[in-house]
Amino acid sequence: GLGFARTVTINNPVELPRNLLSAFARFNYTLNNKYLLTYTFRRDGVSVFNKNKQWDNFHSFAVAWKMQEEKFIKDLDLFNELKFRAGWGQTGNSNIAPFQTLNLYTVNQGSGLDGSTVTGIIPLGISNPDLIWETTEQRNLGLDWGIIRGRFSGSIDIYQKNTKDLLLDKPIPPSNGFTNTTVNIGEIENKGLEFSINANIINSKDCKWTLGGNISFNRNKIVDLGNEDTFGDGRAHFFGNRLGTGTLTSPVNIFIENEAIGMFWGLETNGLYRVDDDLIGAPVYGPVNPVLGDIRFVDQNGDGKIDASDRKIIGNPNPDYIYGFNTEFSYKDFSLRLNFNGKQGNDVFNAKIFTNGYNDKLFTKNVYRELWQDRWTPENINGRYPRQGFNLGDASDVLVEDGSYLRLSTVTLNYNLSSKAVKAIKINSANIYITGNNLFTLTDYRGYDPDVNSFTYDPTRIGIDYTSSPVPRSFTLGININF
């Protein structure tokens, strides 16, 4: 038992308390069943801020006009629904770790001048007692419509969303003893359009066919970053892992005022050094001169060397638009439903393309077949990829790929047992179905999955494929029985 132990160590769990208390009130008003008004008031409090900054108030207003109730719309005999909507509202975010406003310390032991063990107290970070709620303010206009007794319907929305006083970890000089501290800084703007439409194309007793789709366009922009450009922490985010034999030491994403969020930042390339004449006057990359088969980087400032000053925006992880559509066809007791989704215009940083031992000169590890078969060699000077053993240590545009795709996400084939068969086995209803998920994806992306972000938990690392796995294709066969 514990009584026989020489040393008993008791580990107490560390609690990170986070208490949130909210209250809200809502007021609704309707006039003539045509004009609607809603006002909502929220008061939120959270324990992660100082006492005089824990509480904040948030408001929202919404109005709607049921235009189909107006006589001049009814006289058209076209719309069964035509509703105009407008709204404005605020929400708050307090998603930071507890104790960021306090000076925290921990016990540490080291060696004294005489070799003895000395116990001391050291700080854990730099506190910020002035932290406040991050606030998002959104305005939107919308229109819902339906025609021909609801056979065709849809909606249109336009919005603008601004997020201010962002809660971010700001990099600070290492001379402070720490690398970052939590601050309220900056403003981000999102503007967008969203469309959806649904149609009952065929609606007879035995045969039905419906079709629906949606598409959304969003443009984001960094309005303010406190007069500083901020990089995603490329080194920390890759945890010291390597692209071949070189560590990816430069950050991948950058956040710049008046640019979209998380643009890819790195070196521009211009093919490979294929023949000896290409090496004349070639800039130095790293500590050595380039050799045949190396990637040719663009020396942006013409100083004869490739370094951080030559980096530029090399891609955009934000899509031009995302979309989806679905269709269902049924004939008597059979039905078939298909769901598609897609994304267009975004880039993916494929940080895996030169891994898997591509720089292993002993050839003891696996590499991508395409890289191996189309690499530069003296016999294949027109190869697409650099020589075996090339050390890529920086983010560059050779790792940026088009992430656009169209995916058949689900397919379901269903059969409802006839009423006679159901009654014969004395049950209310039964159906048999088979569902397939992720049946195919149309894309030019060379990784496992174009819809990837290996660092979903970190908003400063966007559109990076580093630790992703293939999306499985699955099939399900089932039966539903109601007694």
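Mentor: Buried means under 20% relative accessible area, and exposed means over 50%. Keep in mind that this model is predicted.

Trainee: Are D449 and R407 buried or exposed?
Mentor: Their side chains meet in a salt bridge, 2.5 Å from N to O. D449 sits in the loop between β28 and β29, while R407 belongs to strand β27. The pair links parts of the chain 42 residues apart. Both D449 and R407 are buried.

Trainee: Which residues are joined into one network by salt bridges that share partners?
Mentor: Start from the count, which comes to 17 salt bridges. Some of these share partners, and one network joins R85, D144 and D157.

Trainee: How many residues apart in sequence are the parts that E70 and K34 tie together?
Mentor: The two side chains meet in a salt bridge, 3.3 Å from N to O. E70 lies in the loop between β3 and α1, and K34 in the loop between β1 and β2. So the pair ties together parts separated in sequence by 36 residues.

Trainee: Why does K34 count as buried?
Mentor: The cut-off for buried is under 20% relative accessible area. Its partner E70 passes at 11%. K34 is buried because its own relative accessible area is below that cut-off, at 16%.

Trainee: In the salt bridge of E189 with K191, which residue is partly exposed?
Mentor: The closest N and O atoms of this pair are 3.9 Å apart. E189 has 13% relative accessibility, so E189 counts as buried. At 40%, the partly exposed residue is K191.

Trainee: Over how many bridges do β2 and β3 pair?
Mentor: β2 covers residues 35-46 and β3 covers 55-66. They run antiparallel, and F41 stands opposite H59 in β3. The pairing extends over 11 bridges.

Trainee: Which residue in β4 stands opposite F61?
Mentor: β3 also pairs with β4, residues 79-93. That pairing is antiparallel, over seven bridges. Opposite F61 stands W88.

Trainee: Which are the edge strands of the sheet with the order β26-β25-β29?
Mentor: This is an open sheet of three strands with mixed pairing. An edge strand pairs on one side only. That description fits β26 (400-402) and β29 (464-465).

Trainee: What is the bridge partner of N350 in β29?
Mentor: Look at β25, residues 347-350. β25 and β29 pair in the parallel sense over two bridges. In β29, N350 has as its partner D465.

Trainee: Which strands each supply at least two residues of the largest nonpolar core?
Mentor: This core has 24 residues. Those touching the most other members include F264, F297 and F349. Another core, of eight residues, lies apart and has V48 and L131 among its members. At least two residues of the largest core come from each of β17 (263-267) and β20 (295-297).

Trainee: Which strand gives the largest share of the nonpolar patch?
Mentor: The patch lies on the surface, with about 900 Å² of accessible area together. β24, β28 and β30 each supply at least two of its residues. The largest share, three residues, comes from β30.

Trainee: What is the relative accessible area of L336?
Mentor: L336 belongs to the nonpolar patch and lies in strand β24. L336 is partly exposed because its value falls between the limits of 20% and 50%. That value is 33%.

Trainee: How much of the protein chain counts as buried?
Mentor: The chain exposes about 28500 Å², with carbon and sulfur atoms supplying 54% of that area. Of its 483 residues, the buried share is 37%.

How values were computed
Residues numbered from 1 in each chain as written. Predicted model: local features only at pLDDT ≥ 70, side-chain atom pairs only at ≥ 80, totals over all residues. Heavy atoms only, no water. Pairing = 2+ DSSP bridges. Helix = DSSP H or I, 4+ residues; strand = E, 2+ residues; numbered from the N terminus. Buried < 20%, exposed > 50% of the residue type's maximum accessible area, 1.4 Å probe, protein only. Areas by Shrake-Rupley, 256 points an atom, 1.4 Å probe, with all protein chains shown as cover. Patch = residues over 30% accessible without salt bridge, like charges linked within 9 Å, V, L, I, M, F, W, Y side chains within 5 Å. Salt bridge = Lys/Arg side-chain N within 4 Å of Asp/Glu carboxyl O. Core = buried A, V, L, I, M, F, W, Y, C linked by side-chain atoms within 4.5 Å.
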